[in-house]
Amino acid sequence: MNKAENTPDKYQIEVITDDSKRETRMHGTPDFPLIVYRDSIRRTALGYINWHWHPELQFVLVTEGIVQYSVGSAELILHPGDGLLINSSRLHMAKSAPGTVGSYICVDFHPVLLSSFAGSVYDRKYVQPFLQNDDLPFVLFSRRETEDQKIISLFRQVIECFETGKPGYEIEVLCALWQAWKVLLERPEVPVKQNGSSLTMAVMAYISAHLGESLTLEGIAGAVSFSPAECCRQFRRTTGETIFSYIRKCRLEYGMNLLLNTDQSVSEIAYAAGFSSTSYFIQNFRELTGTTPHKYRKACRSV
């Protein structure tokens, strides 16, 4: 059921926000965070959609009249057949152009539908670089541009599949959504290169999953699909420390946890944490804490 069904024609699409202007309602459901709305700006008490934002991305397809969209400081004019993709968490508002009544279809979808899960290759390479790009609060699609029509057509498929609601429609919706996203990322102004923050998160995730193994810079870089030099540069820029300094701290923290919560010997803990020898573990532990692993365990357990 779309949002406009079984409701009066006026005063039904007011946007309720919190103090930060974040919209308070959920778009879609927790298990399928995507929804399609068909609306007209005439159904607002104020005569316009007030400023708000939400974590979902929003694709807008104008169907009638002329709609003036504001996304941040940008002012956009959309005619019937034009499309607009608003990035996640960007302030925006909409109103009809003077002398017209704007109507549109919205597809609101959470980035998790594209990411699969946080830290996935889809998330790192194809979603986060877009979401985190401050130079891309929106992407505009013209009804007159052939390349733009490819994406508009794919979002029309999303809308059609969603509104039919036939068995398996969720799969068809996601297929069309992913195709639209792929076409979008092929545009020259849209980045596919991972930024420093998401690259650093990927490196950290790999280190955490392989802490007890022998970690090499080449192996880490290969796992996140970047050169060793780029990994080192971005990691240090983001965290202020080197990758191997971070690994050392993670291994010591893991070793401390094992000292407190297991009865494993110091040697067993050293190797479990990824240290090449017991003596090297003890040396690094003393440098960090000022005491030995054995004395640390004894002191903590006597408290």
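Which residues does Leu34 touch, not counting residues up to four places away in sequence?

**View 1. Leu34 and the company it keeps in this predicted model.** Leu34 touches His27, Gly28, Val107, Asp108, Phe109, Leu113, Val158, Phe162, Val173 and Leu177, leaving aside residues up to four places away in sequence. Leu34 also belongs to the largest nonpolar core, which has 51 residues; along with Phe109 and Phe130, Leu34 touches the most other members. Another core, of 17 residues, lies apart from that one, and Leu215, Leu217, Phe235 and Ile243 are among its residues.

**View 2. Helix α7, residues 228-239.** With twelve residues at 1.5 Å a residue, α7 should span 16 Å, and its end C-alpha atoms are indeed 16 Å apart, so the two values agree. Buried along α7 are Glu230, Cys231, Gln234 and Phe235. These four cover an arc of only 120° around the axis, so they sit on the same side of α7. Right after α7 comes Gly240, with a positive phi of about 85°.

**View 3. Cysteines without a disulfide partner.** With a disulfide taken as two cysteine sulfurs within 2.5 Å, the count is zero. Take Cys161: its nearest cysteine sulfur belongs to Cys175 and is 8.7 Å away, and Cys161 is in no disulfide. Cys161 is buried, at 14% relative accessible area.

**View 4. Cys300, too far for a bond.** The closest cysteine sulfur to that of Cys300 is in Cys250, and because the two are 19 Å apart, they are too far for a bond. Cys300 is partly exposed, with a relative accessible area of 32%.

Note on methods. Residues are numbered from 1 along each chain as its sequence is written. This is a predicted model: local features need pLDDT of at least 70, side-chain atom pairs count only at pLDDT 80 or more; totals for chains, interfaces and linings use all residues. Side-chain values use heavy atoms; hydrogens and water are left out. Buried means under 20% relative accessible area, exposed over 50%, partly exposed in between (1.4 Å probe, protein chains only). Helices (H or I, at least four residues) and strands (E, at least two) are DSSP runs, numbered from the N terminus. The expected span of a helix is 1.5 Å times one less than its number of residues. The arc is that of the directions from the helix axis to the C-beta atoms. A nonpolar core is a set of buried Ala, Val, Leu, Ile, Met, Phe, Trp, Tyr and Cys residues joined through side-chain atoms within 4.5 Å. Contact means heavy atoms within 4.5 Å.
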